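Hello,

Here is the structure I promised to pass on. Please open it first, then read my notes below.

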Amino acid sequence: MTADIVIGMAGSGGDGIVSAGESLINAAARAGYHALMTKSFGPQIRGGESSCRVRIATSRTHSPGGALDLAVALNWEDFLKFGSELKVAGRTVVIWDSATGVTKDTLPLPGVKPADALAVPLTELTRAAAGTDKAKNSLVLGLLSGWTGIAQEAILEGLKKRYIKKGEELWAANERAFAAGLSYAKEHPLSVDLRLEQIARPTDAQSKGKILTDGNDITAAAAIFAGCQFFGGYPITPSTEIMQFLAREIWKYGGTVLQAEDEIAGVAAAVGASFAGKKSMTATSGPGMDLKTEVLGLASIAELPLVLVNVQRGGPSTGLPTKAEQGDLYQACFSGHGDVLRPVLAPTCVADCFDVTVEAFNIAETYQTPVIILSAQEIAQRKETVDPIDTSRYQIVSRQAPTEAELLDYKRFRNTESGVSPISRPGIQGGAYLAAGIEHNEAGDPSASGAMHTLMNEKRFRKLRALKQREDLLLTEGDPMAPIALVSWGSSAGICREAMQLANAKGLRVKLLVPLLVYPIAEDAYARFFQGVQAGLVVEQSFQGQLYRILRMYVDVPSSVHSMCRSGANPFQPAEVLARLQEVALTLQGRVSNATPAQE
Amino acid sequence: MTAQLNVVSPKDFKSELKPIWCPGCGDYGVVQSIYRALANIGRPAHEIAFVSGIGCSSRIPGYTTAYGFNSVHGRSLPIAQGIKLANPDLLVLCAGGDGDGFSIGGGHLPHAIRRNVDITYIVMDNQVYGLTKGQLSPTAAKGRKTVTSVYGSIERPINPLLQVLSYGAGFVAQGTPADMPGLTALVEEAIRYPGFAFVNVQSPCVTYGEEHQQMKAQKATMKSLSTLGHDPQDFLKALEVATHYGVELHTGVLYRHPEPPATYEQQIRERQTTLSRDALPRERILELFQKHA
């Protein structure tokens, strides 16, 4: 029996492996498990290789997990393309279609000795049961259900929902394939017990408000909740689902989606809508962010609220358009010319996307500035159980409008103590002003004076001082006195959280800091966190270790804190981080025992 | 305040900002024609949003009392559309030069037109880059010598009139500050047209322009389309007139759609009204995911 199982499956696009994964997590979530699924694809539109990783556990997990417990290869060529995403190790039970001709002795997994390996006549069984190859994924589901015990009624219920609308016959074929898989599993028990611990099926009251969704969809929903009324954007993988969700829903709330002619027009229209007084948003991925950068600078100097979501993918340029990387942090913080302070928020899981998006709108509106949400393919397209979100505990902030008294002598960019000046909008009598990319005086009139430029830069930077004090946006965990520090952000943070738990369980004293507000850097909070730290790691999925280097710009990071980083599409696994932490701990012990005699 | 009296005069639209334009610049006439047209329309300045890009002419919103947005080079049209879609009750004007509109921002023009957002787009076309001091513009005649086309330009110029007609603009006109009453009437008519309206203004550059482009020369050569008996409802004739761009200076309305189609924002309002009937309250938006779970 196990409390936590990770299943990885890969096949070619038409095999329906991702939809099998969806059926599995839907059923598991309904049965009350914490379910999480990440997807990874080849670059092809149809066909090509596709894969999913499903993790099902009896309690909350924070990452897609480590090496697979169960690997399913519909064909090896496709499976092996996901070598770093679907890690097979000594603990893994490997299942594959015997039609591939691969046998136990010819497994294409050099250097790995899986716990069990089983060639299953997937194609043959499917044809016999369903009369078509198309139901292979349902047969796989039957096998998985049989071996893991994951709620078969719930899976069948989901399958029925999916197939019945496409015809009775197709549904019947899939039902037969599922049953064939189930009985094959019963007749061929695995040598490793992969049965998931049973949990009591949740009552209606318990499951009320619990949802299963992905990062992109919940980001879009959060935008509507936060009051977003305009979205301008251009389709780009892996962010497009945000626009698609809003294109279905935003009209109901009096809002508009503009599918623009290009990335620049998308953000420019959003800036226009913001100037007109509406909360507005755009979403893109790295290459689109490159194009939008000039307009972001405009929004900064014209002090217009705007939320921009960058769902990161591998870069530069087209890079790895369907895969995850955290390589856009420099771009988020520093792209664009001139002196600009740009708030950057990063969610670490699907549930975070809701909080972070609402927060992004609040910050944008409060400080009249563009705010970047750095999401990532891994979170945006990951489906996960989200515990009920009580929307009444969120405060929704809207920009500060000028009072009637202020309108008598209105200065749009009044140099206030907080740096925030009440913002008018077209339609308000007495509030007319010139918004401009050109530097301006308090009234908004163009100015090329060095003194005025200094004054305005001071004012704009002053607005965000308060943000650095938002310690609620820096999550810390573990013993504050722990000598070993872990820092991570975005899609790597969940992995580190699990690694820390593993480390602490092994008696290592590790603490963790995860900034949801990644930039500006809260120098004081980091300095306090690093106080007394003897060693540590900054973990992230980018070749250069971008957060690590930015931290060193702003904070006196102890020299014994190192960067643990690597390129995208090679996600870290909790066990790997744990191993590094153990190494770190050993060095520390060494240092202590070496140091002691010298002092004597 | 004047706006409350509901009677507005051209000077209500003139701001206190002093233009950076050279003495004798055609753009002085253009801004005057806008003051006058807006006074004739009668909407108060605070209900007007005036967007521009970058260039000499793009300074124009600042010289009015409307809400102005002097944005970045080439992006005035998408910004203007965002404003209009966010608040369709506003009167939205958009202006800029030929470089802003037909070169760096040229990709936005067909899309603004195909959406038919109710915006009036005024281009001050002087066939030269003035702000950067005299480089070749996309509407400059072939063979034109400038500091960046020292031996004469090799490429053909863009024909903005033909472009916007072929993109399907419902209102297309050309004017010049050499004929102020005519220009004022065109701007006013463009604003009143319910849909995307385009006015190309031959607004000469006194510093980098050529002799034959100046106002004095224009006065001698311009031909009024109404005097020529042009029927602005005749699309094919309008295309024919447009082909003379760069050769002859035609002024007046080239084309006015006889039955203006519904604007983008009108269709959005209908959609919003219909769909809002089955909206979950915002605070219950996450229930959308429960249906699928």
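In chain A, helix H8(A) passes helix H9(A) in a right-handed crossing. This comes from a predicted model. H8(A) covers residues 215-225, and H9(A) covers residues 240-249. Their axes lie 8 Å apart, at an angle of about 45°. That angle makes H8(A) oblique to H9(A), because it falls neither under 35 degrees nor in the range 65 to 115.

Which residues make this contact? From H8(A) come A:Asn216, A:Asp217, A:Thr219, A:Ala220, A:Ala221, A:Ala223 and A:Ile224. H9(A) answers with A:Glu241, A:Ile242, A:Phe245, A:Leu246 and A:Glu249. By class, there are seven nonpolar, two polar and three charged residues in the contact of H8(A) with H9(A).

Now to the two chains. Their contact takes 52 residues from chain A and 45 residues from chain B. On the side of chain B that touches chain A, four elements give two or more residues: strand E2 (67-70), helix H3 (76-86), helix H10 (264-276) and helix H11 (287-292). Which of them gives the most? H3(B) does, with eight residues. That side of chain B has 24 nonpolar, 15 polar and six charged residues.

Strand pairing also links the chains. Strand E15 of chain A, residues 434-436, runs parallel to E2(B), and three bridges join them. A:Leu434 stands opposite B:Gly68 in E2(B).

Best wishes

Definitions and conventions:
Residues numbered from 1 in each chain as written. Chains lettered and ligands numbered in written order. Predicted model: local features only at pLDDT ≥ 70, side-chain atom pairs only at ≥ 80, totals over all residues. Contact = placed C-beta atoms within 7 Å. Nonpolar A, V, L, I, M, F, W, Y, C, P; charged D, E, K, R; others polar. Pairing = 2+ DSSP bridges. Axes fitted to C-alpha atoms, helices over the stretch in contact; angles between N-to-C directions. Parallel < 35°, antiparallel > 145°, perpendicular 65-115°, else oblique. Left-handed = near helix turned anticlockwise from the far one by under 90°.
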